[in-house]
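Dear colleague,

Please find the structure below, handed over for your records. My findings follow it.

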Number of protein chains: 2
Amino acid sequence: MVEKNDHFDLREFLPYLLNLAAEETSLRFSAIYRERYGLLRTEWRVLFHLGRYGDLSASEIGAMAKIHKTKISRAVSALERKHFLKRTASAKDRRREILSLLPAGQAACADLTAAAEAYNRELARQFTPEEWSLLLRSLERLAHLPPSKE
Amino acid sequence: MVEKNDHFDLREFLPYLLNLAAEETSLRFSAIYRERYGLLRTEWRVLFHLGRYGDLSASEIGAMAKIHKTKISRAVSALERKHFLKRTASAKDRRREILSLLPAGQAACADLTAAAEAYNRELARQFTPEEWSLLLRSLERLAHLPPSKE
DNA sequence: AAATAATGGTTGCTTTTGTAACTATCAAGC
DNA sequence: GCTTGATAGTTACAAAAGCAACCATTATTT
């Protein structure tokens, strides 16, 4: 494991570090929604968006969460099979489907949101409040999200 | 797009932000190694590790980069097909294969490493030096990497 | 020394994702 | 009103990843 003369280390390469950190932190949480409700990551995200922002169409969710429409389509089907949501054809535009959570979906969403908050707080404990908020803001910038107004 | 009364926003959820940022920053760089050399992400990582740390076995790379052995196995086969590396059976342990870069692999690795450095500098320009180094250290901590000694 | 366990690596099968083509509906131009 | 083009969503096919079973070899146990 002798190091070469070159100076550039993968551990200074931001995309690499981001991938490792993302994988590491996602893993433990994905175990929760997988074990409790048999959800996939995209399904959890769609569920969360519906619970958080109310009834939305598939493409609205896609725009907000940057998920491709085929992934959303499959996630919606899966959530429908679980009776977590229902579709309602829009009256004015019959191409669109309004998605709304059913009681089972709302319950799962509330449960998982609480778990997500707890997990987030646990992650935050590794940092000072200043480090934490700087970290979040830096990631927002890298993800090209509009800065949160808080 | 009316917000619910609840307070927790996905944009404060670290795993979500990490995934978005990772995807966003990986995308542009993956276009480079894909277009120039037809490499997949795992292949690029294996190539880089060999270029950076010298001859290694598959499982050594896997341990360093946290990549599963089947992914490595297939990446090594692909790199071998491209004549980017060769395998040498270890004398003392005939199960192990020492992987070493061939000239074509070294050239590709040097080229891509330079591109990675340039891209990294470009990303770093979005931050002050203090923010940048804090970001890297935070990600290392989240990824459970031993802190870099620099 | 034989049996058992552990390690390095590959392969086959299944699940998941990505890409592109497709249907259906709506919007715009002429 | 018809043609063209855009949008919402689904589906089919291909690429990639995950998982488990599988050789071959080495280490360990008795």
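In what follows, a residue counts as buried under 20% relative accessible area, as exposed over 50%, and as partly exposed in between, with a 1.4 Å probe and protein chains only. By that criterion B:C109 is buried, since its relative accessible area is 6%. A:C109 is likewise buried, at 6% relative accessibility. Over all chains the structure holds 0 disulfides, a disulfide being a pair of cysteine sulfur atoms within 2.5 Å.

As to conventions, this is a predicted model, in which local features need pLDDT of at least 70 and side-chain atom pairs count only at pLDDT 80 or more, while totals for chains, interfaces and linings use all residues. Residues are numbered from 1 along each chain as its sequence is written, chains are lettered from A and ligands numbered from 1 in the order in which they are written, and side-chain values use heavy atoms, leaving out hydrogens and water.

Regarding the two chains, chain B is superposed on chain A by a rotation of 180° with 0.0 Å of shift along the axis, at an RMSD of 0.1 Å; the fit is by least squares on the C-alpha atoms of residues with pLDDT of at least 70 in both copies. This is the relation of a two-fold axis. The same surface serves both copies, as 100% of the contact residues of chain B recur in chain A, where contact means heavy atoms within 4.5 Å.

One residue with contacts to the other chain is A:S26, in helix α1 (residues 14–37) of chain A; helices (H or I, at least four residues) and strands (E, at least two) are DSSP runs, numbered from the N terminus. A:S26 is buried, with a relative accessible area of 13%. Neighbours within four places in sequence aside, A:S26 is in contact with B:P15 and B:N19. The side chains of A:S26 and B:N19 are joined by a polar contact of 2.7 Å, that is, a pair of N or O atoms within 3.5 Å; within protein, one must be able to donate a hydrogen and the other to accept it, and residues adjacent in sequence count only if both atoms are side-chain atoms. The A:S26 side chain also reaches the backbone oxygen of A:A22 at 2.8 Å.

Chain A also has an open sheet of 3 strands in the order β1-β3-β2, with antiparallel pairing; strands pair if DSSP finds at least two bridges between them. Its edge strands are β1 and β2 of chain A, each pairing on one side only.

With kind regards
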